[in-house]
Structures are given as C-alpha cells and as structure tokens.
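Colleague: Before we begin, I should like to hear the reasoning behind each term you use. May I ask you to set the values beside the definitions?

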Amino acid sequence: AGLAVIATRRWGLWLVIGLLALFIPVLGYGVAIGLDISCGCLGRADLSSLPEAIVRDLLLLTLAGALLRTSRPVFPVLKE
C-alpha cells in the first residue's frame, strides 16, 4: 500500500484508508479491554501506548483522505 501511494496510485490511498479503518477499531477494542502491548519487542520504536496509536492512526487516516481528495483520478470525467 505504501509503495502504491509513493507511486501515486489512487488505489493505494484507498487501500491505506481501508487498512486504517479496520485497524483503528481493533486498537479501540484493545483499549476497551485494558490490553497493554508495550512489550518492547520492536525496540525503541515500540514505546507508544494504544491510545497514542489510535491518535496516530486517526491522523494518518485524515492525511490519506486529504491526499485522496486532492489527487486527480486516472481517467478524467467527460462533461457533456
């Protein structure tokens, strides 16, 4: 999905939006049941909490939506 976005493919943005839309509720469920996943198994990059991850993913979802809104479709719409 990331490579498709870098290659300016619109479907890559849709894929990112879809993945984030699926992942945010999963993170919310983890917060709701009190899950603590800060195990440090990914090194220093894995130090954020679940609420921080939700905020980060919501920001990424907003940015992906803004990119999708400002990107041009591959096939132009013909006006009659």
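Colleague: How many salt bridges does the structure hold?

Modeller: The structure, which is a predicted model, holds one salt bridge. The side chains of R56 and D57 form this salt bridge.

Colleague: What makes the meeting of R56 and D57 a salt bridge?

Modeller: The definition asks for a side-chain nitrogen of Lys or Arg within 4 Å of a carboxyl oxygen of Asp or Glu. For R56 and D57 the N to O distance is 3.9 Å, so the pair satisfies the cut-off of 4 Å.

Colleague: Is D57 buried or exposed, and how do you know?

Modeller: D57 has 5% relative accessibility. Buried means under 20%, and therefore D57 counts as buried.

Colleague: Why is R56 called partly exposed?

Modeller: Its relative accessibility is 42%. Because partly exposed lies between the limits of 20% and 50%, R56 receives that name.

Colleague: Which residues of helix 2 are buried?

Modeller: They are G12, L13, I17, L20, I24, L27 and G30. These buried residues pack against helix 1 (2-6) and helix 3. As one case, I24 touches I54, D57, L58 and L61, leaving aside residues up to four places away in sequence.

Colleague: What makes I24, L27, L50, A53 and I54 a nonpolar core?

Modeller: A nonpolar core is a set of buried nonpolar residues joined through side-chain atoms within 4.5 Å. The five residues you name form the largest such core. Helix 2 and helix 3 are the elements that give two or more residues to this core, and the largest share, three residues, comes from helix 3. In soluble globular proteins, nonpolar side chains tend to be buried together.

Colleague: How do you know that the span of helix 2 is close to the expected one?

Modeller: Helix 2 has 23 residues, and the expected span at 1.5 Å a residue is 33 Å. From its first C-alpha to its last, helix 2 reaches 34 Å, which is close to that value. Helix 2 is followed by G34, whose phi is positive, near 75°.

Colleague: What makes Y29, I33, L35 and I37 a surface patch?

Modeller: Residues of a patch must have over 30% relative accessible area, and nonpolar side chains are joined within 5 Å. Y29, I33, L35 and I37 make a nonpolar patch of about 430 Å². One of them, I33, is found in the loop between helix 2 (10-32) and helix 3 (50-70).

Notes: Residues numbered from 1 in each chain as written. Predicted model: local features only at pLDDT ≥ 70, side-chain atom pairs only at ≥ 80, totals over all residues. Heavy atoms only, no water. Patch = residues over 30% accessible without salt bridge, like charges linked within 9 Å, V, L, I, M, F, W, Y side chains within 5 Å. Areas by Shrake-Rupley, 256 points an atom, 1.4 Å probe, with all protein chains shown as cover. Helix = DSSP H or I, 4+ residues; strand = E, 2+ residues; numbered from the N terminus. Expected span 1.5 Å × (residues − 1). Buried < 20%, exposed > 50% of the residue type's maximum accessible area, 1.4 Å probe, protein only. Contact = heavy atoms within 4.5 Å.
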